[in-house]
Amino acid sequence: GEVDLAGRGYDIAIEVDAKLGANHISQSLATTRFHVCGSPSYFDEYGKPKNPEDLENHKTLLFSQNGQVRPWCFVRDGQQMNMRLTPKWYSNSGEALLKASRLGVGLAYMPSYSVMDPINKGSLLTVLDDWSQRDVDIELIHLQKRNLPAKIEYFIEFIVERFANFQDLSASDHKLVDITPA
């Protein structure tokens with residue numbers, strides 16, 4: 001669904017791959033890449049998908065927001081493939097999806113910043129890395145107003161500065177590194 005800060009009672013938000021509502025302004029802070037990942041125990045039991053179509057035969061864990069589930073997107077040889085999967089389980093919490101994936105419940109489609117630590121520790125593995133998964137913006141969003149309150153302007157400035165040293169999370173080498181702002 002669309003971001004509606006006023007309707008949710010917020011002044012500002014940081015969203016991944018946001019769809020803006022009317023009267024909203026966004027500023028890209030960084031880019032992240034999504035990865036299909038699962039636990040070693042899941043892959044031991046069910047095997048690894050060889051291509052995106054194989055995902056239809058796997059247990060998938062999908063992110064749902066406002067009752068809408070977004071497709072998993074892949075690109076190869078210039079052609080985009082959007083996979084609309086039937087989930088084993090879905091949640092509006094990335095944390096819950098990450099935990100379920102680590103516990104072997106199924107495969108999740110997660111942004112780099114969420115999965116870098118478990119991948120580096122070996123509790124999650126990525127698959128379909130030869131298919132380019134979708135790169136998306138991490139965006140700062142606020143309502144479009146002529147005169148923003150000073151606290152909002154200062155907060156925007158603070159966040160933009162914090163993200164200035166963020167590494168490009170969509171880098172093509174799949175070795176994930178800590179990108180937490182200093």
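These points walk through cysteines, one buried serine, aromatic pairs and charges over rings in a predicted model.

1. Cysteines. The whole structure was searched for disulfides, and the result is zero. Two cysteines deserve a look anyway. C37 is buried, and its relative accessible area is 0%. C73 is buried as well, with a value of 7%. Both fall in the buried class because that class means under 20% relative accessible area.

2. Where is S39? S39 sits in a loop, between β2 (24-38) and α2 (40-46). Is S39 buried or exposed? Its relative accessibility is 2%, so S39 counts as buried.

3. Neighbours of S39. The side chain of S39 makes a polar contact with the side chain of S41, at 3.0 Å. Leaving aside residues up to four places away in sequence, S39 touches S101, R102, G104, S123 and L124. A reader viewing the model can start from S39 and pick out each of these in turn.

4. Aromatic pairs. How many aromatic pairs does a search of the whole structure find? The search finds five. One of them joins F34 and Y109: the ring centres are 5.0 Å apart and the planes meet at 35°, so this pair is tilted. F34 belongs to strand β2 and Y109 to strand β8 (residues 107-111), so the pair ties together parts that are 75 residues apart in sequence. F34 is buried, with a relative accessible area of 11%. Y109 is buried too, at 8% relative accessibility.

5. An edge-to-face pair. Y42 and F43 also pair through their rings. Their centres lie 5.7 Å apart and their planes stand at 85°, so the pair is edge-to-face. Are Y42 and F43 buried or exposed? Both are buried.

6. The aromatic cluster. Which residues join F34 and Y109 in one aromatic cluster? W72 and F74 do. The cluster therefore reads as F34, W72, F74 and Y109, with rings counted as paired if their centres lie within 6.5 Å.

7. Charges over rings. K48 lies over the face of F43, 5.7 Å from the ring centre. F43 thus appears twice in this note: under K48, and in the edge-to-face pair with Y42. Elsewhere, R76 places its charged end over the ring of W131, at 4.7 Å from the centre of that ring.

8. To recap. The search for disulfides gives zero, while the search for aromatic pairs gives five. S39 is a buried residue in the loop between β2 and α2. The pair of F34 and Y109 links strand β2 to strand β8.

Terms used: Residues are numbered from 1 along each chain as its sequence is written. This is a predicted model: local features need pLDDT of at least 70, side-chain atom pairs count only at pLDDT 80 or more; totals for chains, interfaces and linings use all residues. Side-chain values use heavy atoms; hydrogens and water are left out. A disulfide is a pair of cysteine sulfur atoms within 2.5 Å. Buried means under 20% relative accessible area, exposed over 50%, partly exposed in between (1.4 Å probe, protein chains only). Helices (H or I, at least four residues) and strands (E, at least two) are DSSP runs, numbered from the N terminus. A polar contact is a pair of N or O atoms within 3.5 Å; within protein, one must be able to donate a hydrogen and the other to accept it, and residues adjacent in sequence count only if both atoms are side-chain atoms. Contact means heavy atoms within 4.5 Å. Rings of Phe, Tyr and Trp (its six-membered ring) pair if their centres lie within 6.5 Å; planes under 30 degrees apart count as stacked, over 60 as edge-to-face and the rest as tilted. A charge sits over a ring if NZ of Lys or CZ of Arg is within 6 Å of the ring centre and within 35 degrees of the ring normal.
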